[in-house]
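Reader: I am new to this structure and would like a close look at a single part of it. Please take me through that part slowly, with its surroundings.

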Amino acid sequence: MKFKTLLSGAALTLTVMAIPTAQADITLRHALTGEVLDLSFAKKGGHTDKFKQFMQTGKNPYNSDGEAIKKGESLYMTGCSGCHGHEAEGKLGPGLADDYWTYPRNSTDQGLFELLFGGANGMMGPQYVNFSTDDMLHIMAFIRHIYKGDPKKADWLK
């Protein structure tokens, strides 16, 4: 009887160990206040598989995807270039293609997403009113693609 109990316990332990543990989503915070961002305000249609992947890792899965970069460029040109320049060189808003970040967390994909979604100082309001979360990842992929700074400072490449 003890052997059966021991065997059953071992089988149960192996079964539980075989169940994959779900990785918790990253916590997105406002770039200025540090408050947790409320993604329920996001424009509809952005909760894609790629966005879910981003929420697990904090890394943009579109960064090396040519089609995504092309879409990101189009979105950037219509929604961001007026302030940041057509080549992200900076105009009213700061340049985005070099290695100087007004907000140092922008050197990570998670930090850049937090700033896009929640906004920052000055004229940079929250972009969840203009773009879906998936659109923001596309824009980020374009910005990363045109980066001209020191690769050692590009935390998203690590």
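Does His138 count as buried or exposed, and why?

Author: In this predicted model, His138 counts as buried because its relative accessibility is 6%, and buried means under 20%. The residue sits in helix α6, which covers residues 133-145. Leaving aside residues up to four places away in sequence, His138 touches Tyr62, Ala68, Lys71, Gly72 and Leu75.

Several of these partners lead to a neighbouring helix, since Ala68, Lys71, Gly72 and Leu75 belong to the α3 side of a contact in which His138 takes part on the α6 side. The axes of α3, residues 66-79, and α6 come within 7 Å and cross at roughly 100°, and the two helices are therefore roughly perpendicular to each other. On the α3 side the contact also includes Ile69, Glu73, Tyr76 and Met77, while α6 contributes Asp135, Ile139, Ala141, Phe142, Ile143 and His145 as well as His138. Sorted by class, this contact of α3 with α6 has 9 nonpolar, 3 polar and 3 charged residues.

Two residues of that contact, Tyr76 and Ile139, also appear in the description of the largest nonpolar core, which has 29 residues and in which Leu28, Phe54, Tyr76, Phe113, Leu137 and Ile139 touch the most other members. Helices α2, α3, α5 and α6 each supply at least two residues of this core, and α6 gives the most, with 7 residues. As for Leu28, its contacts beyond four places in sequence include Phe54 and Phe113, along with Val36, Leu37, Leu39 and Met55.

Definitions and conventions: Residues numbered from 1 in each chain as written. Predicted model: local features only at pLDDT ≥ 70, side-chain atom pairs only at ≥ 80, totals over all residues. Heavy atoms only, no water. Helix = DSSP H or I, 4+ residues; strand = E, 2+ residues; numbered from the N terminus. Buried < 20%, exposed > 50% of the residue type's maximum accessible area, 1.4 Å probe, protein only. Contact = heavy atoms within 4.5 Å. Axes fitted to C-alpha atoms, helices over the stretch in contact; angles between N-to-C directions. Parallel < 35°, antiparallel > 145°, perpendicular 65-115°, else oblique. Nonpolar A, V, L, I, M, F, W, Y, C, P; charged D, E, K, R; others polar. Core = buried A, V, L, I, M, F, W, Y, C linked by side-chain atoms within 4.5 Å.
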